[in-house]
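User: Hi! I have a new protein open on my screen and would love some help reading it. Can we go through it together?

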Amino acid sequence: GNAKEGAIDRYHPAHHAADTGVIEGTVSDSGSRERVPGAVVTASLGGTPEALEGITDDQGRYRFDNVKPGTYVVSAYYSVSGRGQIEIRRSDIAVAGGEGVIVPIWIEVAKQ
């Protein structure tokens, strides 16, 4: 695929606290290029058992607000008929206070 589609982007959200960040993005199917609703997304702060968890909306979007600064692993889990559950991870996602980080995740939903 296009490397730009998987690129991590950063921005400074307006009216956001300077001591926390935002992690957001989309989960998309690498084959059809369509967004994936209902995928479970987690963001784990490196070395800690605590994790943020959410489910993508009907447009395949997810968002975690008020995230502690640090380095995260962002994962998407999705059940695929006949194949069980798959997980895709994006590691070493650095989040600073007052920063938004856009983390796109591409998964393979359909059998090729």
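**A first look**

Analyst: Happy to! Of the 112 residues of the protein chain, 37% count as buried. Keep in mind that this is a predicted model.

User: Thanks! How many helices and strands are there in the protein chain?

Analyst: The protein chain has zero helices and nine strands. Reading from the N terminus, the order is β-β-β-β-β-β-β-β-β.

User: And what is the radius of gyration of the protein chain, next to that of a compact globule?

Analyst: The protein chain has a radius of gyration of 14 Å, and a compact globule with 112 residues would be near 13 Å, so the two agree. Along its principal axes, the C-alpha trace spans about 45 × 30 × 25 Å.

User: What share of the contacts comes from residues 24 or more positions apart?

Analyst: Counting contacts with a separation of 6 or more, 63% are between residues 24 or more positions apart.

User: Let's go inside. Which residues of the largest nonpolar core touch the most other members?

Analyst: That core has 21 residues, and the ones touching the most other members are Ile23, Val27, Tyr62, Tyr72, Val74, Val103 and Ile105. The elements giving two or more residues to this core are strands E2 (21-29), E3 (40-45), E5 (61-67), E6 (70-80), E7 (84-95) and E9 (105-107).

User: Which element gives the largest share?

Analyst: E6 does, with four residues.

User: Could you pick one core residue for me? What does Val27 touch?

Analyst: Leaving out residues up to four places away in sequence, Val27 touches Arg35, Val36, Ala39, Val41, Thr56, Gly60, Tyr62, Ala76, Ile105 and Ile107.

User: Ala76 is in that list. Is Ala76 buried or exposed?

Analyst: Ala76 has a relative accessible area of 2%, and anything under 20% counts as buried, so Ala76 is buried. You can find Ala76 in strand E6.

User: And what does Ala76 touch?

Analyst: With the same limit of four places in sequence, Ala76 touches Val27, Val40, Val41, Ile86, Glu87, Ile88 and Ile105. For another distance to try on your screen, Ala76 and Gly54 are 22 residues apart in sequence and 9.6 Å apart in space, C-alpha to C-alpha.

User: New topic: aromatic rings. How many aromatic pairs does the structure hold?

Analyst: It holds one aromatic pair. The pair is Tyr62 and Phe64, with ring centres 5.9 Å apart and planes at 50°, so it counts as tilted. Tyr62 and Phe64 are both buried.

User: Now the strands. How do E3 and E4 pair?

Analyst: E3 pairs with strand E4 (residues 51-55) in the antiparallel sense, over five bridges. In one of these, Ser44 has Ala51 in E4 as its bridge partner. The two strands form a hairpin with five residues between them, and Gly47 in the turn has a positive phi of about 80°.

User: Which residues have a positive phi although they are not glycines?

Analyst: His15 is one of them, with a phi of about 60°. His15 lies in the loop between strand E1 (9-11) and E2, and it is exposed at 87% relative accessibility. Asp92 also has a positive phi of about 60°. Asp92 lies in strand E7 and is exposed, with a relative accessible area of 64%.

User: Last topic: charges. Why would charged side chains pair up at all?

Analyst: Side chains of opposite charge can pair when their charged atoms come close. Here the count comes to seven salt bridges. One of them joins Asp57 and Arg61, at 2.9 Å from N to O.

User: Are Asp57 and Arg61 buried or partly exposed?

Analyst: Asp57 is partly exposed at 27% relative accessibility, and Arg61 is partly exposed at 42%.

User: Which residues are linked in a network of salt bridges?

Analyst: Glu24, Arg63 and Asp65 are linked in such a network. Within it, the closest N and O atoms of Arg63 and Asp65 are 2.8 Å apart. Asp65 is partly exposed at 40%, and Arg63 is partly exposed at 43%.

User: And what about Arg89 and Glu87?

Analyst: Arg89 forms a salt bridge with Glu87, and their closest N and O atoms are 2.7 Å apart. Arg89 is exposed at 54% relative accessibility, whereas Glu87 is partly exposed at 34%.

How values were computed:
Residues are numbered from 1 along each chain as its sequence is written. This is a predicted model: local features need pLDDT of at least 70, side-chain atom pairs count only at pLDDT 80 or more; totals for chains, interfaces and linings use all residues. Side-chain values use heavy atoms; hydrogens and water are left out. A nonpolar core is a set of buried Ala, Val, Leu, Ile, Met, Phe, Trp, Tyr and Cys residues joined through side-chain atoms within 4.5 Å. Buried means under 20% relative accessible area, exposed over 50%, partly exposed in between (1.4 Å probe, protein chains only). Contact means heavy atoms within 4.5 Å. Two strands pair if DSSP finds at least two bridges between them. Rings of Phe, Tyr and Trp (its six-membered ring) pair if their centres lie within 6.5 Å; planes under 30 degrees apart count as stacked, over 60 as edge-to-face and the rest as tilted. A salt bridge is a side-chain nitrogen of Lys or Arg within 4 Å of a carboxyl oxygen of Asp or Glu. The radius of gyration is taken over C-alpha atoms; the globule rule is 2.2 Å times the number of residues to the power 0.38.
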